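Please examine the structure shown below. The paragraphs that follow lead through it step by step.

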Amino acid sequence: MDLNVISIDVGFGETKVVAGRRAYKFPTLLATVNPEGMGRLGKDAKRILLFEHGGLSYAVGDDAATLGGTPVGNTGMLVEHAHLFVRKALHDIKARAGNTTLALGLPVFDMPKYKSPLKKSISSETGIPEQNIYVYPQGLGVLADCNGIGRDIIILDIGYNTIDIIVTAGGKVVPPACGMLRGKGIGLVVSELRNHIQSTYETEMSNAEIFEILRTGEFKLYGRRIDLSVAISSIKNNYVRERTQELVASQDFRMKKADKVVLAGGGAHIITDLGDPRYTPLIHIPKDPEFANARGFYKLATEGARRREVA
């Protein structure tokens, strides 16, 4: 039985896609395009895939990046434009909407307001039946992906804008203990490093360039390699200290009894500890942590599709 499950984690920085054994990502960027102007560039111009909506033509992902694309700034914008990222993924994978099961995520506190509008919008724009669309709280996918590492777990899903916190006790999610640090994601590190580069070297950097600098510790300017390792270490240490203080304030007694604290999301490539050796034995970072939610959503939606087929 071919269930045709696709999991798409539309984050504020990147969109992650999992379909079977395939996993890939693209920047969560949009750019409006004049198709007539693109046509006048001639057959040798870079081919830009366009998606129509509301009388406008949109480039999505890497195509939008080449055109100076606009990021999705908040959950309302994400829900409004999510169908464009889903349509791109369906095109990439060559999926047929009618028999596709789709898994998506939303920040945990935004689920009541946005879950239904998100499903309706995507169904309307893609043709995927609403009953085939599953929307899960961010972080729950990480829990499914990390199944088996313990029964008492604290998950920190470190995204660009938010950190979603999922807490389990005895293998069950504890809703009152779950939460979200809105505006406290890895975007704070990106913004501070960008400001440092701008004020010190008088040069502008995109998010993608900043992430590359965070990975390598350096960048090139007029042929010179500029070492930013000291500045990056200071920015990261300050960020970790502040977030750990917030976490301990709300979760300290659970951390003392936890089996693991899971660091996931794209931010787990940058924030790999909690800045205190006491917590080191607790830390678990899944493989390719930015895909942990998408992999977990894929598992959950596959189970849901199987139950739907049997019913």
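**A bent helix and its surroundings**

The residues of helix α8 that are buried (under 20% relative accessible area, with a 1.4 Å probe and protein chains only) are A231, I232, I235, Y239, V240, R243, T244, L247, Q251 and M255. The model is a predicted one, in which local features need pLDDT of at least 70 and side-chain atom pairs count only at pLDDT 80 or more, while totals for chains, interfaces and linings use all residues. Residues are numbered from 1 along each chain as its sequence is written, and side-chain values use heavy atoms, with hydrogens and water left out. Helices (H or I, at least four residues) and strands (E, at least two) are DSSP runs, numbered from the N terminus.

The partners of these buried residues of α8 are β10 (153-158), β11 (162-169), α6 (187-201) and α7 (207-216), against which they pack. An α-helix has 3.6 residues a turn, so residues three or four places apart point the same way. One of the buried residues of α8 is R243, which has a relative accessibility of 10%. Leaving aside neighbours within four places in sequence, R243 is in contact (heavy atoms within 4.5 Å) with I163, K184 and L188.

How far does helix α8 (residues 229-257) span between its end C-alpha atoms? The span is only 35 Å, whereas a straight helix of 29 residues would cover 42 Å at 1.5 Å a residue; the expected span is 1.5 Å times one less than the number of residues. Helix α8 bends by about 85 degrees at Q251, where the bend is the angle between axes fitted to the seven residues ending there and the seven starting there.

**A hairpin and two loops**

Strands β14 (residues 218-221) and β15 (residues 224-227) pair in the antiparallel sense over four bridges; pairing requires that DSSP find at least two bridges between two strands. Within this pair, E218 stands opposite D227 in β15. Two residues lie between the strands of the hairpin, and Y222 there takes a positive phi near 50 degrees.

Positive phi values also occur in two loops. K94, which is not a glycine, has a phi of about 60 degrees and lies in the loop between α3 (75-93) and β8 (101-106). K94 is exposed (over 50% relative accessible area), at 74%. D288, in the loop between β17 (283-284) and α9 (292-310), has a positive phi near 45 degrees. D288 is partly exposed (between the buried and exposed limits), with a relative accessible area of 37%.

**The nonpolar cores and the cysteines**

A nonpolar core is a set of buried Ala, Val, Leu, Ile, Met, Phe, Trp, Tyr and Cys residues joined through side-chain atoms within 4.5 Å. The largest such core has 71 residues, and I8, L102, L156, L193 and L274 have the most contacts inside it. Helix α3 supplies the largest share of this core, eight residues. A second, separate core of nine residues includes I153, I166, A264 and A292. Residues up to four places away in sequence aside, L274 touches L156, V240, T244, L247, M255, V261, L263, Y279 and I283.

Why is C146 without a disulfide (a pair of cysteine sulfur atoms within 2.5 Å)? The closest cysteine sulfur, in C178, is 15 Å from that of C146, too far for a bond. The count of disulfides is zero. Both cysteines are buried: C146 has a relative accessible area of 5%, and C178 has a relative accessibility of 11%.

How values were computed:
Disulfide = S-S within 2.5 Å.
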